[in-house]
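Q: Hi! Could you walk me through some charged pairs and helix packing in this one?
A: Happy to, let's pull it up.

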Amino acid sequence: MNSQLNLNQMHSKILEWLSYSREKILNFNQFSIDTKSNDKDLVTTVDKTIEADFKDFIQNNFPDHQILGEESYASFEANDSPFLWVIDPIDGTANFVKMRQDYCVMLAFFIKQEPQLSYIYDIYNNHLYYAIKGQGVFRNDRQLAKPQLCSIDESFVSIDRLRTDDSSLLNKIDQGAFDLRYLGCSGLDGARVLEGKFAVFVNPKGGPWDYAPFILMAQELDLKLCAWSGERLDLSGYSDFFLGRLEVYQELFN
C-alpha cells in the first residue's frame, strides 16, 4: 500500500475528490451556522457536509482506512488499522462565513503514524498545496523550493495574539519581528511559510487537523514542525505548534 506507485494512484483519486468538493463548496448559497467551544468557534452545514462526503469517499475507495475529522473528533475511536486520514473540511470557517475567502480544505494520510500524502486546498483562489512522500511539495504544478533562511527582524511572523498567553514569546515577537501577519486559517498561514512569504507560523492551540498536513510538508522542505516545547507532534490531541526554519525556532524559543 505504501509503494510510490500506489501513493500516486491514491493522489489521483484525491485530486478528483478535491475538485468535486471545491465546486460543491463554491455553490453553497445558503447554510446554517452553529457554535462550538465559544461564539467565535463556528461550524456550518458546509463543514459537516464536506466531512461526511469525504467519509463516504474513503469508505467506497479505501474501506479499511480510518478517518479523524474535526467535526466528528469527539466520536473518533481508533482501531487496529495502520491507515489514517486526518481532515479539516473547512479550515478558517469564520473567514468562510464572513468573507467567503481565506479558508481551505486540509487533508493528510498516514501509515503507522508516518505521513504519506498531504493537501491544503485554498478553495477561493484554486491553489492546491500538496506533497507525496519523497517527491517534494507543490503549489499546483510548481514545486516549492526550500525557504531561504532569514531572521524574524527581516520577516513576517504569523501568530494569533488573542489566543496566545505566553508573554515572553509575545515580547520576543513584538520586539524582534519585522511585522505580524495573521490570516486566521492554519492551512493558509502555514502555506505562507512553505512558500517563504512568512518566516514562521506559531499556533497557540491547534487540533491534529490543523497541523497534520504540515508534518510531511515540513519533512520535504527541511522545515521544523513541533510543539513549542520542541517535542514531536503525534496526532494524539490539541497542541501549540511551530512551523518554520530550525534557526527561527531557536531564535524564538531558546
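Q: Which residue does Glu70 meet in a salt bridge?
A: This is a predicted model, and in it the side chain of Glu70 pairs with that of Lys36, at 3.2 Å from N to O. The two come from distant parts of the chain, 34 residues apart. Glu70 sits in the loop between strand E3 (66–69) and strand E4 (83–91), while Lys36 is in the loop between strand E1 (33–35) and strand E2 (42–44).

Q: Is Lys36 buried, exposed or partly exposed, and why?
A: Lys36 is partly exposed, because its relative accessible area is 35% and that class runs between 20% and 50%.

Q: Okay, and how many salt bridges are there by this rule?
A: The count comes to 14.

Q: Let's look at another one. What does Glu51 pair with?
A: Glu51 forms a salt bridge with Lys55, and their closest N and O atoms are 3.9 Å apart. That still counts, because the cut-off is within 4 Å.

Q: Where do those two sit relative to each other?
A: Both are in helix H2 (residues 45–61), and because they are four residues apart there, about one helical turn separates Glu51 from Lys55.

Q: Is Glu51 buried or exposed?
A: Glu51 counts as buried, with 3% relative accessibility. Its partner Lys55 counts as partly exposed, at 30%.

Q: What about Asp174, which residue is its partner?
A: That would be Arg161, with the closest N and O atoms 2.6 Å apart. Asp174 belongs to helix H4 (residues 167–176) and Arg161 to the loop between strand E10 (156–159) and H4, so this salt bridge ties together parts 13 residues apart in sequence.

Q: And how accessible are Asp174 and Arg161?
A: Asp174 is partly exposed at 41% relative accessibility, and Arg161 is partly exposed too, at 37%.

Q: Which residues are joined into one network by salt bridges that share partners?
A: Arg139, Arg142, Glu195 and Lys197 are linked that way.

Q: Switching topic: at what angle do H4 and helix H7 pack?
A: At about 115 degrees, with 9 Å between their axes. H7 covers residues 246–253.

Q: Which residues make that contact?
A: From H4 you have Leu169, Lys172 and Ile173, and from H7 there are Glu251, Leu252 and Phe253.

Q: How many of the contact residues are nonpolar, polar or charged?
A: Four are nonpolar and two are charged, with no polar ones in the contact of H4 with H7.

Definitions and conventions
Residues are numbered from 1 along each chain as its sequence is written. This is a predicted model: local features need pLDDT of at least 70, side-chain atom pairs count only at pLDDT 80 or more; totals for chains, interfaces and linings use all residues. Side-chain values use heavy atoms; hydrogens and water are left out. Buried means under 20% relative accessible area, exposed over 50%, partly exposed in between (1.4 Å probe, protein chains only). Axes are lines fitted to C-alpha atoms, for helices over the stretch in contact, and angles run from 0 to 180 degrees between N-to-C directions. Contact means heavy atoms within 4.5 Å. Ala, Val, Leu, Ile, Met, Phe, Trp, Tyr, Cys and Pro count as nonpolar, Asp, Glu, Lys and Arg as charged, and the others, Gly among them, as polar.
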